[in-house]
Amino acid sequence: MTGIVDCNSFYCSCERLFLPHLDDKPVVVLSNNDGCIISRSDEAKTLGVEMAGPYFLAKPFIEKHGVATFSSNYNLYGDLSWRVMETLRMILGKENVEVYSVDEAFLNLDEFAEKDLQQVSLNIRETVELWTGIKVSVGVAPTKVLSKVANHLAKKNKLATNCVVVLDTKEKIHKALQDTPIGEVWGVGRQYAQKLIEMNAIFTAYDLTKKTEEWAQKNLGGVVGIRLLKELKGEPANEMKDELVVKKMIASTRMFGSPVKNIGDIKEAVATYTARAAEKLRRQRSAASIISVFVVPKEQSHNTHFRHGPTVSSYVTLPLATSATNELIKPAVKLVDKLYEQGRIYKKAGVMLSGIVPDATIQGNMFVSETTNSNRFLMSMLDNVNFAMRDDMIKFAASGTTRNWKMRQELRSPRYTTRWN
């Protein structure tokens, strides 16, 4: 049997953890630059606060109903996510936990008897809540897709289910599939669900199980559709996967806090994002041979309303793979010169590192000074200082000092678990 643990309104739960007076109160969390609503507590949903809606439109309604509002606090969310996943690993063993996202993890529960799964799931839920303070829901079923169905029902009816649903019989599975709208099936998506409803009269997950594999291959994306159909019918087709430790591509992108016109500001932002990406690269002991930079302009229409323009990007292949920040910043900043257009207003920029290889495979160069070959030791010292002192205590001058383009986080809570101050 396969289980899934899903944190309830995760970002909102993280904010409530250190502000217990907000328990049972409406809470929302905003996206980068306080742009859109990306997490809502159950109370905010009941009030009618829309998911992914622009904050400036919802603000009057939110203030009227006293909804607590927070900017994204990714340091806090990342640390609490790690605590939740580490708790699951301690309960079940590392080999039985597959981290799927920041707030979800699949569990291999084959070692437990089916008659014990309800109590085991309750114990997992209570232990996670006791050790971390984060409330979770648990769904258990024969396959990953069915466990997601079980979890959806557990979250939908928290009081009735005690946040745990176990689908261990054919009768329970059929009832659950009949109660699950097609748009809530993992892997279908809301837009495609509408097509299935209009073209094939498929309204629920149970309706989909009546289709053949040939139909799924033609209408549900080939092999992926066949796997989805098999899993809905109780046939495991998605195995547990090991956590991806070494990434094949590393990116660092951000929206600017306010529109940017000056090429100097864009270069500072790109240099800063390059430094972030380089830190991630060194953390997995890798080096990159390709660096890509992109910028996103704002375009002005005739009615004076702005919209995003097309992404403009370029890349360069480095002569030697590297993880040294200074060796990556230089080509990244040069790419900005190629992409920038005088007079345009820019909303976003980003850096992507690819062509990633193990750092241990990079040889030293006998034709350069010893200092240059020692760059990796310099980077290690820089990372250690910045990790200990935080806030980019040591940075390259190209990253700037004022950073007027920085992302807005006007409503961010303290980083309770990672900063003493």
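Before anything else I wrote down that two strands count as paired if DSSP finds at least two bridges between them, and I reminded myself that this is a predicted model.

**Entry 1: the three-stranded sheet.** I looked up leucine 30 and found that its bridge partner is isoleucine 37 in β3. Strand β2, residues 27-30, is joined to β3 by three bridges, and the two strands run antiparallel. I then traced the whole sheet, which is open, has mixed pairing and follows the order β3-β2-β4. Because β3 (37-40) and β4 (68-70) stand at the edges with a single partner strand each, one side of each has no neighbour in the sheet. On average, neighbouring strands here are turned by 25° against each other, direction ignored. I also noted helix α1, residues 10-17, which lies across β2, β3 and β4 and runs at about 110° to β2.

**Entry 2: the five-stranded sheet.** My next sheet is also open and mixed in its pairing, with the strand order β5-β6-β1-β7-β8. Its edges are β5 (97-101) and β8 (164-166), each with a single partner strand, so one side of each is left without a neighbour in the sheet. I followed strand β1 (residues 2-7) to strand β6 (residues 104-108), to which five bridges join it in an antiparallel run, and I saw that valine 5 stands opposite alanine 105 of β6.

**Entry 3: the cores.** Which residues have the most contacts inside the largest nonpolar core? I listed Phe10, Leu88, Leu107, Ile124 and Ile134, in a core of 34 residues. Helix α4 (residues 74-92) gives the largest share of this core, seven residues. A second, separate core has 27 residues, among them Ala277 and Leu339.

Definitions and conventions
Residues are numbered from 1 along each chain as its sequence is written. This is a predicted model: local features need pLDDT of at least 70, side-chain atom pairs count only at pLDDT 80 or more; totals for chains, interfaces and linings use all residues. Side-chain values use heavy atoms; hydrogens and water are left out. Helices (H or I, at least four residues) and strands (E, at least two) are DSSP runs, numbered from the N terminus. Axes are lines fitted to C-alpha atoms, for helices over the stretch in contact, and angles run from 0 to 180 degrees between N-to-C directions. Contact means heavy atoms within 4.5 Å. A nonpolar core is a set of buried Ala, Val, Leu, Ile, Met, Phe, Trp, Tyr and Cys residues joined through side-chain atoms within 4.5 Å. Buried means under 20% relative accessible area, exposed over 50%, partly exposed in between (1.4 Å probe, protein chains only).
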